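Here are some notes to read with the model open beside you. Take them one point at a time, and find each residue as you go.

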Amino acid sequence: MSRLRLGYGTNGLTDLRLDDALALLADLGYDGVGLTLDHMHLDPLAPDLASRAARVARRLGRLGLEVTVETGGRYVLDSRRKHAPTLLDDDEDARWMRVRMLIRAVRVAADLGAHAVHCFSGVRPAETDPDTAWKRLANALEPVLDAAEETGVPLAIEPEPGHLLATLADFHRLRADLGDPPLLGLTLDIGHCQCLEPLPPADCVRAAAPWLRHVQIEDMRRGVHEHLPFGEGEIDFPPVLAALADTGYQGLTVVELPRHSHAGPELAAQCLHFLRNGGTG
């Protein structure tokens, strides 16, 4: 049984400067951080990205924090449409905006020494049939996976409620469509398992184990996609944490509370205590 390596997502610390957020997590005793590329912390579109990434890498090293790069910034590409454009956009040029950002994220991750780069499919456009959407997704990810192969940083796609790729079964469809590339892994969000998977979250962990490259964790209720602090949803956490440890998962398990930044420092402390106590508070 392996010891879980715990992190906290910067998308839940957006009221803090990045340096302050990283210092907080190190002082609390976290092992790492889920670093969301966005205009608030590390902007993937900034002209000085390489130098800023190098400075963040040094900061992470001094603090002893591991890192996974996350790409769920809400308005990083479009200031008026959340998470737009996506890999499924009807407009090819718009799709390539997302592809280029993901390639840049892979290269930033390599500079940071990150475990993986997280991504998601996006919502299928209303006028696009499912087969076309799946083909778009596979085609869009091919150059990103080429970058992953060049750098050795795995791509970890997340099943997201409401998206084309919403479930573990959908992940396996994509994996098959792409010919099972070795650098395509999985981000498993424990709350999403509770929200919509047919299996209990602990069983999802076991089923996903061979492809698991990144884990996000929070509480959630069945059928309601709302990220909640531990104890406010329905998840039985001790079996989930035991399953993660039993499978030998070596990446970060990152708390994701993106709508709770106003209470980020307090919640970060509470969440670490909860997880270090085996999910019993």
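1. Let us start with a word we will need throughout: two residues are in contact when heavy atoms of theirs lie within 4.5 Å. Please also keep in mind that this is a predicted model.

2. Begin with the whole chain. The protein chain holds nine helices and ten strands. Its C-alpha atoms fill a box of roughly 45 × 45 × 35 Å along the principal axes. A compact globule of 281 residues would have a radius of gyration near 19 Å, and the 17 Å of this chain agrees with that. Buried residues make up 59% of the 281. Among contacts with a separation of 6 or more, 75% are between residues 24 or more positions apart.

3. Now look at helix α1 (residues 18-28) and helix α9 (residues 264-276). Two packed helices are described by the angle between their axes and the distance between the axes. Here the axes come within 10 Å and cross at roughly 30°. Angles under 35 degrees count as roughly parallel, and α1 and α9 are therefore roughly parallel to each other. Their crossing is right-handed.

4. Which residues in α1 meet α9? They are L24, L25 and L28, and their partners in α9 are P265, A268, A269 and L272. The residues of this contact divide into seven nonpolar, no polar and no charged. As you look at the helices, remember that an α-helix has 3.6 residues a turn, so residues three or four places apart point the same way.

5. Stay with α1 for a moment. Its buried residues are L18, A21, L22, A23, L24 and L25. What do the buried residues of α1 pack against? They pack against β1 (5-9), β2 (32-36), α2 (49-63) and α9. Just after the helix, G29 takes a positive phi of about 110°.

6. Next, compare a second helix pair, α4 (residues 130-151) and α5 (168-177). These two pack at an angle of about 65°, with their axes 10 Å apart. The crossing of α4 and α5 is right-handed. From α4, the residues in contact are D131, W134, L137, A138 and L141, and they meet D170, R173, L174 and D177 in α5. This contact divides into five nonpolar, no polar and four charged residues. Try colouring both helix contacts by residue class; in the contact of α1 with α9 there were no charged residues.

7. Here is a good place to check the backbone. Most residues other than glycine have a negative phi, and most peptide bonds are trans. With that in mind, visit the loop between β3 (66-70) and α3 (92-112), where P85 has its place. A cis peptide bond joins A84 and P85, with omega about -15°. H83 is found in the loop between β3 and α3 too, and H83 has a positive phi of about 60° although it is not a glycine. Is H83 buried or partly exposed? At 22% relative accessibility, H83 counts as partly exposed.

8. There is another positive phi to find, at D180. Its value is near 55°, in a residue other than glycine. D180 is found in the loop between α5 and β6 (184-189). With 42% relative accessibility, D180 counts as partly exposed.

9. For a buried strand residue, pick V254, in β10 (residues 252-255). Its relative accessibility is 0%, so V254 counts as buried. Setting aside residues up to four places away in sequence, V254 touches G7, Y8, G9, G34, E70, H214, V215, Q216 and I217. V254 and D189 are 65 residues apart in sequence, with 9.2 Å between their C-alpha atoms.

10. For a buried helix residue, try A147 in α4. At 3% relative accessibility, A147 counts as buried. Leaving out residues up to four places away in sequence, A147 touches I103 and V106. The C-alpha atoms of A147 and A105 are separated by 9.7 Å, and these residues are 42 apart along the chain.

Note on methods: Residues numbered from 1 in each chain as written. Predicted model: local features only at pLDDT ≥ 70, side-chain atom pairs only at ≥ 80, totals over all residues. Heavy atoms only, no water. Axes fitted to C-alpha atoms, helices over the stretch in contact; angles between N-to-C directions. Helix = DSSP H or I, 4+ residues; strand = E, 2+ residues; numbered from the N terminus. Parallel < 35°, antiparallel > 145°, perpendicular 65-115°, else oblique. Left-handed = near helix turned anticlockwise from the far one by under 90°. Nonpolar A, V, L, I, M, F, W, Y, C, P; charged D, E, K, R; others polar. Rg over C-alpha atoms; globule rule 2.2 N^0.38 Å. Buried < 20%, exposed > 50% of the residue type's maximum accessible area, 1.4 Å probe, protein only.
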